[in-house]
Amino acid sequence: MKYRRLTKEQLEELHPEFINFLATQTITAGEWDDIKANKPEVAEQEIDVFSDLVWEGVLTNAQYLEHISPQTMNLFHLQETEISLISVMVGDELIDITTKEGYAWLQKNLMDDTVKLFTAVKKYSDDPNGDKFKLIEQGAVITKGDLFNYFDDLMELGKEKNGF
């Protein structure tokens, strides 16, 4: 397996797609029941192949990831050849930006001395989807990019305002 097996809940949600996958393997419902009962290792292999196909499609189409912890917000833009990062760090341990109150504080206090904004760009390795998957395994979630774009626009405005 290249990635990881989908959870039972994910497989249940993708049941129609899994049926289509089995059909492309020319496996009927009756044959699938027989495989599960008599060749569980083959059934496991089929689920693994299906999981990898799903992950490959999801990772190929993902454009943004977010990983938010109590004092750090890492926002990723998954571009064609590189990953752009905007990192927001809050130096006050009493502020937890994963809460509604903490995030509201961050919005009001972006210019506070305890708030630091960083950017970085990193080229993908030979396996871009593997790079994306590692971020997800570390806790990042796929998003539409609203937060990344908000902070990106904010930083662009700051550059214009400061004459950069």
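Visitor: Which helices each supply at least two residues of the lining of the second largest pocket?

Guide: Three helices do: α2 (15-24), α3 (29-38) and α4. This is a predicted model. The pocket has a volume of about 330 Å³. Its lining counts 15 residues, and those closest to its centre are His15, Phe18, Leu22, Trp32 and Lys36.

Visitor: What makes a residue part of a pocket's lining?

Guide: It needs an atom within 4 Å of a pocket point. His15 is one of the 15 residues that line this pocket.

Visitor: Which aromatic residues form one cluster with Phe18?

Guide: Phe21, Trp32 and Phe50 join Phe18 in one aromatic cluster. The count of aromatic pairs comes to eight.

Visitor: Why is the pair of Trp55 and Phe133 called edge-to-face?

Guide: Start with the distance. Rings pair if their centres lie within 6.5 Å, and the centres of Trp55 and Phe133 are 5.0 Å apart. Now the angle. Planes over 60 degrees apart count as edge-to-face. The planes here stand at 80 degrees, so this pair is edge-to-face.

Visitor: What makes this pair a link between distant parts of the chain?

Guide: Trp55 sits in helix α4 (residues 40-61) and Phe133 in helix α6, 78 residues apart. Both residues are buried.

Visitor: How do you know that α6 is mostly covered?

Guide: Count its residues. α6 has 10, and seven of them are buried. They are Asn129, Gly130, Asp131, Lys132, Phe133, Leu135 and Ile136. These buried residues pack against α4, β1, β2, β3 and β5. After α6 comes Gly139, with a positive phi near 115 degrees.

Visitor: Why is Ser51 called buried?

Guide: Buried means under 20% relative accessible area. Ser51 has 0%, so it is buried. Its place is in helix α4.

Visitor: What does Ser51 touch, not counting residues up to four places away in sequence?

Guide: Ser51 touches Met1, Arg4, Arg5 and Leu6.

Visitor: Why is Thr26 called exposed?

Guide: The cut-off for exposed is over 50%. Thr26 has a relative accessible area of 64%, so it counts as exposed. Thr26 lies in the loop between α2 and α3. Its phi is positive, about 55 degrees, although Thr26 is not a glycine.

Visitor: Why does Lys144 count as exposed?

Guide: Use that cut-off again: over 50%. Lys144 reaches 74%, so it counts as exposed. Lys144 is found in the loop between β5 and α7 (146-161). Lys144 and Thr28 are 116 residues apart in sequence, and their C-alpha atoms are 37 Å apart in space.

Visitor: What makes Asn109 partly exposed?

Guide: Partly exposed is the range between under 20% and over 50%. Asn109 has 24% relative accessibility, so it falls in that range. Asn109 is in the loop between α5 and β4. Its C-alpha atom is separated from that of Asp52 by 43 Å, with the two positions 57 residues apart along the chain.

Visitor: What is the order of the strands in the open sheet?

Guide: The order is β4-β3-β2-β1-β5, five strands with antiparallel pairing. β4 (115-123) and β5 (141-143) each have a single partner strand, so these two stand at the edges. The twist averages 25 degrees from one strand to the next.

Visitor: How do you know that β2 and β3 pair?

Guide: Two strands pair if there are at least two bridges between them. β2 (residues 72-78) and β3 (residues 82-90) have seven, in the antiparallel sense. In β3, Ile83 is the bridge partner of Leu78, and Ser84 stands opposite His77. A hairpin of three residues joins β2 to β3.

Visitor: How many bridges join β1 to β2?

Guide: Five bridges join them, and the strands run antiparallel. Ile68 has Met73 in β2 as its bridge partner. Here too a hairpin makes the join, through three residues.

Visitor: How do you know that both faces of β2 are covered?

Guide: Check each side. Thr72, Asn74, Phe76 and Leu78 are buried on one side, and Met73, Leu75 and His77 on the other. That is seven of its seven residues.

Visitor: Which strands does helix α5 lie across?

Guide: Helix α5 (residues 100-108) lies across β2, β3 and β4, at about 100 degrees to β3. Helix α6 (residues 128-137) packs on the sheet too, and its direction makes about 30 degrees with that of β1.

Terms used:
Residues numbered from 1 in each chain as written. Predicted model: local features only at pLDDT ≥ 70, side-chain atom pairs only at ≥ 80, totals over all residues. Heavy atoms only, no water. Helix = DSSP H or I, 4+ residues; strand = E, 2+ residues; numbered from the N terminus. Axes fitted to C-alpha atoms, helices over the stretch in contact; angles between N-to-C directions. Contact = heavy atoms within 4.5 Å. Phe/Tyr/Trp six-rings, centres within 6.5 Å; stacked < 30°, edge-to-face > 60°. Buried < 20%, exposed > 50% of the residue type's maximum accessible area, 1.4 Å probe, protein only. 1 Å grid on protein atoms, 1.4 Å probe; cavity = no way out; pocket = protein on both sides within 12 Å on 5 of 7 lines; lining within 4 Å. Points joined across faces, edges and corners; volume = space filled by probe spheres on them.
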